[in-house]
Amino acid sequence: DPRPIIFKDAGTAHSTSIYSSGYPAEDAFDEIRNTYWASAARTTYPQSIWFEFNDPVRVVKFAFRSTHNTNEMVANGPSKYEIFFSDGPDCSQMSTWVTLFTDNSGVGFTASNEMKEGVSDNAEAHKCYGFKVNKTPEGNGYDIMVTITDIKFWEI
């Protein structure tokens with residue numbers, strides 16, 4: 001059975017950008033509901049966040065939320081995204097990313113406790129896993145940006 005991964009001391013979180021030092025990538029992996037990663041404001045797509053593990057893991061399930069702030073969550077929660085892995089020497093290089101799961105539904109978050117999740121038939125352990133966000137709903141008076149929190153991965 002899949003078991004949850006504990007991120008503390010398991011590796012390092014990274015992202016393509018941050019809004020400010022108060023919204024770093026590691027906040028999306030810290031299991032604290034009211035902390036989150038926010039990409040740079042007035043950004044372009046894609047925006048990505050990933051975790052580089054100290055030792056390779058085989059991720060077979062994922063889940064995540066947007067921010068706890070309802071208006072911001074509706075505007076900035078991912079509505080089109082991919083889950084990827086990488087074993088490249090530098091996990092920030094998109095050319096090394098292999099897609100495990102894609103959601104092109106365009107459906108954003110509608111409730112602050114909503115969690116999006118999915119499974120993959122991943123057969124091997126890899127050193128990096130992440131989210132490539134291709135679109136958010138935008139609007140509600142917020143700048144174009146991405147917010148993600150409460151990322152969970154399960155491994156076999």
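Leaving aside its neighbours within four places in sequence, which residues is Phe131 in contact with? In this predicted model, the list includes residues from several parts of the chain. Gln47, Ser48 and Ile49 are among the contacts of Phe131. Phe62 and Phe64 are also in contact with Phe131. So are Tyr81, Glu82, Ile83 and Phe84. Ile148, Ile151 and Phe153 complete the list.

Phe131 also belongs to the largest nonpolar core, which has 28 residues. Within this core, the residues that touch the most other members are Phe29, Ile49, Phe53, Phe131, Ile148, Ile151 and Phe153. Five strands each supply at least two residues of the core: E4 (47-57), E5, E6 (80-86), E9 (126-135) and E10 (147-155). Strand E4 gives the largest share, with four residues. A second core is separate and has five residues. Its members include Trp50, Phe84, Cys91 and Cys128.

The protein contains ten strands and one helix. Read from the N terminus, the elements follow the order β-β-β-β-β-α-β-β-β-β-β. Contacts often join distant parts of the sequence. Among contacts with a separation of 6 or more, 77% are between residues 24 or more positions apart. Of the 156 residues, 47% are buried.

The overall dimensions were examined next. The C-alpha trace spans about 40 × 30 × 30 Å along its principal axes. The radius of gyration is 14 Å. A compact globule of 156 residues would have a value near 15 Å, so the protein agrees with that expectation.

Empty space inside the protein was also searched for. Rolling a probe the size of a water molecule over the atoms shows where such space is left. The search of the whole structure finds one cavity of 30 Å³ or more. The largest cavity holds about 40 Å³ of space. Its lining consists of Val59, Val60, Lys61, Phe62, Ile83, Leu100, Val119, Ser120 and Tyr129. Strand E5 (residues 59-65) gives the most to this lining, with four residues. By class, seven of the lining residues are nonpolar, one is polar and one is charged. Two residues of the lining, Phe62 and Ile83, are also in contact with Phe131. Strand E5 thus appears in two settings. E5 supplies at least two residues of the largest nonpolar core, and E5 gives four residues to the lining of the largest cavity.

Terms used. Residues are numbered from 1 along each chain as its sequence is written. This is a predicted model: local features need pLDDT of at least 70, side-chain atom pairs count only at pLDDT 80 or more; totals for chains, interfaces and linings use all residues. Side-chain values use heavy atoms; hydrogens and water are left out. On a 1 Å grid over the protein atoms alone, a cavity is a set of points where a 1.4 Å probe fits but cannot get out, and a pocket is an open set with protein on both sides within 12 Å along at least five of seven lines; lining residues have an atom within 4 Å of a point. Grid points are joined across faces, edges and corners, and a volume is the space filled by probe spheres set on the points. Ala, Val, Leu, Ile, Met, Phe, Trp, Tyr, Cys and Pro count as nonpolar, Asp, Glu, Lys and Arg as charged, and the others, Gly among them, as polar. A nonpolar core is a set of buried Ala, Val, Leu, Ile, Met, Phe, Trp, Tyr and Cys residues joined through side-chain atoms within 4.5 Å. Buried means under 20% relative accessible area, exposed over 50%, partly exposed in between (1.4 Å probe, protein chains only). Contact means heavy atoms within 4.5 Å. The radius of gyration is taken over C-alpha atoms; the globule rule is 2.2 Å times the number of residues to the power 0.38.
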